[in-house]
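The report below is meant to be read beside the sequence and the coordinates. It moves from backbone pairing to charged contacts and then to the surface.

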Amino acid sequence: MTFDSQYTVKVLSKVPWIGREGVKKAKLSYLGAGEYNYVIHVQLFGKEFALRLPKPDSVSKGGDYLYEFYNLTWANFSGLGPKIRYFDYEEGILLMDYFPGKSLTEQQLTDEMLIGLGERFHQIHRLPEFQYKYDLVGRKIDKLWPKFLKMPQGVRSKLIVLKSPVDEARQLLRLTAPEFRPCHNDLRGPNILVNGEDVLIIDWEHSSMGDPDIDLAFFAHYMELQDAQIMSLSSGYGGERPEELRIARIHVARPVISTYFALRQANLYRGAKKSKAQDKYLSRAFEAIENTWGYLNSSGYKNAVQILSGSAIIP
């Protein structure tokens, strides 16, 4: 994939210790892209860096970069995130040391890897308090539910049937919620770089205070973890809270997360112009709805509901 080299050079020249003269010596190559940003590999002064910058045609830069800078600073000090070399939180420009790792894949998820990732995720949740609060179970979904009445009929009818069981799952999560802790909120393969035994977590744009079990459930959802894999992840995570409760809450959170994605994709479909991209959003919404029903009908979910419904477990 190509990138706007002139725009990238212009952005890079704003870095004080590089400037217009230094950027002339830089060798640039494309690394990857997200919805609002793309990442460039920069070779300069005998060192390697990764430059994250907003796409030039991006209407929304996709997050509050001041919060990201604050949270990423703590992650960096703790060895969980990349080494920051320059950050412009007004423009969303981030220059960091290049880490020669590759995105985590499902094929790499051995028991040993999952136990190690559990330990890393627990480290995230033990960081000093982050700025901003992210409440997927409450505010995020509450904002999207009313919009489904304006969504395509096929999606709307399927979401109406889902609302009651998903609201029950949300209520169980509220009743058993632990204290909010620093969370990454986007723990998925592309944001977890692996190089041998070294692991680095990137893209802290959505990090905030949140429910740590839902942070783990995001990872379980993205990576399509099986029940035994969730147990390995949880055993590595450790902590003082009962492991049975944490695993149960991960299972109950998965259909909530999947419904959130269905609502979000359907809402993106509504706002998109007629194109292949619009069809993509609709297809993703239907896929997420099917995933939700799969979670709700699974034995893991049903067992988890029984555990969370027990008065001896609810704090």
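What follows is a description of selected local features of this predicted model.

**Strand pairing**

Strand S1, spanning residues 27–33, and strand S2, spanning residues 37–44, run antiparallel and are joined by 6 bridges. The two strands form a hairpin, with 3 residues between S1 and S2. Within this pairing, leucine 28 has valine 42 of S2 as its bridge partner.

A second arrangement is an open sheet of 3 strands in the order S6-S8-S9, in which the pairing is antiparallel. Strand S6 (102–103) and strand S9 (198–201) each have a single partner strand and therefore stand at the edges, so that one side of each is left without a neighbour in the sheet. The contact between S6 and S8 is antiparallel and extends over 2 bridges, and here serine 103 is paired with leucine 193 of S8.

**Loop residues with positive phi**

Most residues other than glycine have a negative phi. Against that background, two loop residues deserve a remark. Phenylalanine 45, which is not a glycine, has a positive phi near 55°, and its place is in the loop between S2 and strand S3 (47–54). With a relative accessibility of 47%, phenylalanine 45 counts as partly exposed, because the exposed class begins over 50%. Glutamate 224 likewise is no glycine and has a positive phi of about 55°; this residue is found in the loop between helix H7 (212–222) and helix H8 (227–237).

**Salt bridges**

Side chains of opposite charge can pair when their charged atoms come close. A search of the whole structure finds 11 salt bridges, and the table lists some of these pairs with their N to O distances and the relative accessibility of each partner.

| Pair | N to O distance | Accessibility of the Lys or Arg | Accessibility of the Asp or Glu |
|---|---|---|---|
| Lysine 24 and glutamate 21 | 3.3 Å | Lysine 24: 61% | Glutamate 21: 54% |
| Arginine 85 and aspartate 97 | 2.8 Å | Arginine 85: 37% | Aspartate 97: 25% |
| Arginine 188 and aspartate 186 | 2.9 Å | Arginine 188: 27% | Aspartate 186: 7% |

In the pair of glutamate 21 and lysine 24, glutamate 21 is exposed, and lysine 24 is exposed as well. The side chains of arginine 85 and aspartate 97 also meet in a salt bridge. This pair links distant parts of the chain, since arginine 85 belongs to strand S4 (residues 84–88) and aspartate 97 to strand S5 (residues 93–97), with their positions 12 residues apart in the numbering. Arginine 85 counts as partly exposed, and so does aspartate 97.

Which class of exposure does aspartate 186 fall into, buried or exposed? Aspartate 186 is buried, because its relative accessible area of 7% is under the 20% limit for that class. Its partner, arginine 188, counts as partly exposed. Beyond such pairs, Asp142, Lys163, Asp167 and Arg170 are linked in a network of salt bridges.

**Around asparagine 185**

Asparagine 185 is found in the loop between strand S7 (181–183) and strand S8 (192–195). Despite this loop position, asparagine 185 counts as buried, at 8% relative accessibility. The C-alpha atom of asparagine 185 is separated by 7.2 Å from that of phenylalanine 218, although the two residues are 33 residues apart along the chain.

**Surface patches**

Two patches of contrasting character can be described. Lys133, Arg139, Lys143, Lys147, Lys150 and Arg270 gather on the surface in a patch of positive charge. One of these residues, lysine 150, has its place in the loop between helix H5 (136–144) and helix H6 (153–175); lysine 150 is exposed, with a relative accessible area of 64%.

The other patch is nonpolar, covers about 260 Å² of the surface, and is made by Leu66, Phe69 and Tyr89. Phenylalanine 69 lies in helix H3, which comprises residues 65–77, and at 30% relative accessibility this residue counts as partly exposed.

Note on methods. Residues are numbered from 1 along each chain as its sequence is written. This is a predicted model: local features need pLDDT of at least 70, side-chain atom pairs count only at pLDDT 80 or more; totals for chains, interfaces and linings use all residues. Side-chain values use heavy atoms; hydrogens and water are left out. Patches are made of residues with over 30% relative accessible area and no salt bridge: like charges are joined within 9 Å, nonpolar side chains (Val, Leu, Ile, Met, Phe, Trp, Tyr) within 5 Å. Accessible areas come from the Shrake-Rupley method with a 1.4 Å probe; for residues, only the protein chains shown count as cover. A salt bridge is a side-chain nitrogen of Lys or Arg within 4 Å of a carboxyl oxygen of Asp or Glu. Lys and Arg count as positive and Asp and Glu as negative; His and the chain ends are not counted. The place of a charge is taken as NZ of Lys, CZ of Arg, CG of Asp or CD of Glu. Helices (H or I, at least four residues) and strands (E, at least two) are DSSP runs, numbered from the N terminus. Buried means under 20% relative accessible area, exposed over 50%, partly exposed in between (1.4 Å probe, protein chains only). Two strands pair if DSSP finds at least two bridges between them.
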